[in-house]
Amino acid sequence: MANNLPRIIVPMTAPVFGSFESLVCQFSGPVPTIVATIYRPPKPNKEFISDFSNFLTHLSLLTPNIILLGDFNIHMDRCNNLAAKDFISCLDSFGILQHITTPTHIKGHILDLVCCSGVLPNACKVDPLPLSDHSLVTFNVNIASTGSTPTRSITYRKLNNINLDHFSSHITNLHDTDTLHTPDGFVSHYNNNLRNILDIHAPLKTRMVSFSLTAPWFTPYLRQLKAKGRRLERLYKKTGLSIHREMYSSHLSHYKDSISKAKTAYYSTLINTREGNSKALFSLLSKITQPTNQLPPHLYSSDFCDTLASFFNSKIENIHHELLVNPDPDLAPPILFDTHHHSFLSFSLPSVNEIAELIKHSKSSTSQLDPLPTVLVKATLPSLSPLITNVIQSSLTTGIVPTSLKKAAVTPILKKPGLDPSNLNNFRPISNLPFISKILEKNVAEQLRIHLSQNNLYEQFQSGFRPLHSTETALFKISNDLLLAADSGLLSILLLLDLSSAFDTISHTILLDRLSAIGIRNIPLNWFHSYLSGRTQFIQLKQFTSHTVPVTTGVPQGYVLGPLLFIIYLLPLGQILRKYKIHFHFYADDTQLYISTKPNSSLPPTSLTDCLLAIKSWFTTNFLKLNNDKTELLLIGTKSVINSIQKFSIPFETSSISPSPQVKSLGVIFDSTLSFTSHINSITRSAYFHLRSIRRLRPSLSPHSTAVLVHSLVTSRLDYCNSLLFGLPQKTLRKLQYVQNSAARIISQTPSTQHITPVLQQLHWLPITHRITYKILILTFKSIHNLAPSY
């Protein structure tokens, strides 16, 4: 245990199965830990994997911390044992690891296991027992306890107390902008006056608090009921009369019912307003159900913010210094723009109504650089939209991006929970721009897309950030090509290229040349020059900030315009790949190369190695650094073809790239035979993670709100690129069906002892196999009616 505090151990009921026996209990704590003792009889039972999957489904919905131990009578020491393979695959789909690696039986077999998720056993020991043919397995595990919460200071505004009519009238009085003549003047007028108006209507307040989680659902009415309950409690303790006890008990029951109704109303409103926005719902659920991933207290300081700002800045500078070489004349950028096409000479100015529509359909995230919270901007849109339109029209007319709109607040987050925060390489910078900057980018990006489409300037095999294109269409094209090659008895080589900080290293000079090459002229070209120059950023951790540092390379990745500019930056690369007759596909900065060849041919193909050298040279000339360590290679074919291939690697500069057993491309895990087993296990783990969070919140949700969460966070994962799973055996797809069944039980609150088929029919949910077929039919329909990519 992690401490000596008393801990509650509660016996639990679990589903009973005929293929094994179990005894389950739960340890208390901030995150409960379930311990299940298992005994599986040694005789083979074809129902065991199915029963055990149902058992783990039940436990996984209760807590992420699970310890399974006992005599499983599965020979884990035999690598080729089918039962062991199926068992490990079952554990993997729930994120559970088996930790015993030494024999536990007198005959030298590993039969007694310790399997865990969410906790890590240590000091595992296997000692012989004189009275048994099995050994004694011991281990230690740390289980966190609930600690005290220190008092802290918080700053807030009472936005709910703002009278929107009065607030809007104050904004309307600001519309006299005749004396303003520059974009910076318009933005300064907007920011300064709105901050003053907000301070009048909702001034900043500070208070000391000791709670770790807020209770925003706690209304004034509940506060009155709580106070009344305390009075009745004191009265009953004073008199001891039965009538006063009944009054207190009745009021307590009413108070609990009122809390339940208030929670349901609050959370349902939050969820329903974010319906269809999976990212917002994920953030909301994480905020409600999980503690914030806090850094150590000593790191919250201006000095550490300055250290991070210097680190991120020097990282990009070092990459540029490494790539300073003389350009290769054979790799000069080709002409991308046909003079017969129309040049982009001026921006179309958006109307007030068009800007209002853009704002309505934008996310409600707020930057600390914004004078008003975005929810308040949307609430007072009729008054604010003329001011915002003036800012945007001024920028598009003059070709100048206001300085304050080019400043980003950067929040550093750990790339994965649990990483060492003292290692600065473990941090990922998340930039947040002012809200008006995002609306301006959105308008420019739409006009740039129109220019690219009308002049047929997109790379055909670029699927990132394009209408009618998606990650699924890209991967469907790649996997279909690979399957056709495998059916023809060919060996395919799939190469995934990884670029280091790709969006941050591109050269502004080269990017402006690319824009000019595709017909961007006059004011639009000046606007992009202004957009790229003079950018700054600072690091923010809570109330601490770093000094502002300049950003001299790269494009902002956080919104719509940056990725579109990156696509334009990569336009010449497709012509290089075609020169070497290599199949390829791009999704923004994700690059997939693949080539099919006869198994008995020389490996690796000369065309592939030559192409890699040319790509490396082009990347270097264009200040893009290819990350050799993260570039992955996968061989794909039938089992017989894969087994007949001799080991080889592709030489690459001072290192080499060797085949991997599996690779991850655009969120899908590919393996050598395209069985997608690891991918399905990954989906299952992720889905159960979200189902656990939803289940914790379920008592405070309506069925509709629960369904919204399930569709956004679970069903979306089951459906993501599920067209690639067409034709897989039922044994493989059954894990996804278990997930869907669990989701249906949470929505309908159906016990695990009842059949799920009627519930799926009531919810109008297609089973997993039918959902896959339905997706294939949708893609077919879109292809027939020109609603899909040309490829």
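User: In this predicted model, which residue of β25 does Ser-665 stand opposite?

Analyst: Strand β24, residues 662-665, and strand β25, residues 668-671, pair in the antiparallel sense over four bridges. Within this pairing, the residue of β25 that stands opposite Ser-665 is Val-668.

User: Which residue in the hairpin of β24 and β25 takes a positive phi?

Analyst: The hairpin of β24 and β25 has two residues between the strands. A positive phi near 50° is found there at Leu-666.

User: Are the residues on the two faces of strand β25 buried or exposed?

Analyst: On one side of β25 lie Val-668 and Phe-670, and on the other lie Ile-669 and Asp-671. Both faces of the strand are covered, and these four residues are all buried.

User: Which strands stand at the edges of the six-stranded open sheet?

Analyst: The sheet is mixed in its pairing and follows the order β1-β2-β3-β4-β6-β5. Two of its strands have a single partner strand each, so one side of each is left without a neighbour in the sheet. These edge strands are β1 (9-12) and β5 (97-98).

User: At about what angle does helix α1 run to β4?

Analyst: Strand β4, residues 65-71, is joined by six bridges to the antiparallel strand β6, residues 112-117, and Leu-69 stands opposite Val-114 in β6. Helix α1, residues 48-60, lies across β2, β3 and β4, and its angle to β4 is about 145°.

User: Why does Met-247 count as partly exposed?

Analyst: Met-247 has its place in helix α6, residues 242-273, and forms a nonpolar surface patch with Leu-241 and Ile-243. Partly exposed covers the range between under 20% and over 50%, and Met-247 counts as such because its relative accessibility is 39%.

Terms used
Residues numbered from 1 in each chain as written. Predicted model: local features only at pLDDT ≥ 70, side-chain atom pairs only at ≥ 80, totals over all residues. Heavy atoms only, no water. Patch = residues over 30% accessible without salt bridge, like charges linked within 9 Å, V, L, I, M, F, W, Y side chains within 5 Å. Areas by Shrake-Rupley, 256 points an atom, 1.4 Å probe, with all protein chains shown as cover. Salt bridge = Lys/Arg side-chain N within 4 Å of Asp/Glu carboxyl O. Buried < 20%, exposed > 50% of the residue type's maximum accessible area, 1.4 Å probe, protein only. Pairing = 2+ DSSP bridges. Contact = heavy atoms within 4.5 Å. Axes fitted to C-alpha atoms, helices over the stretch in contact; angles between N-to-C directions.
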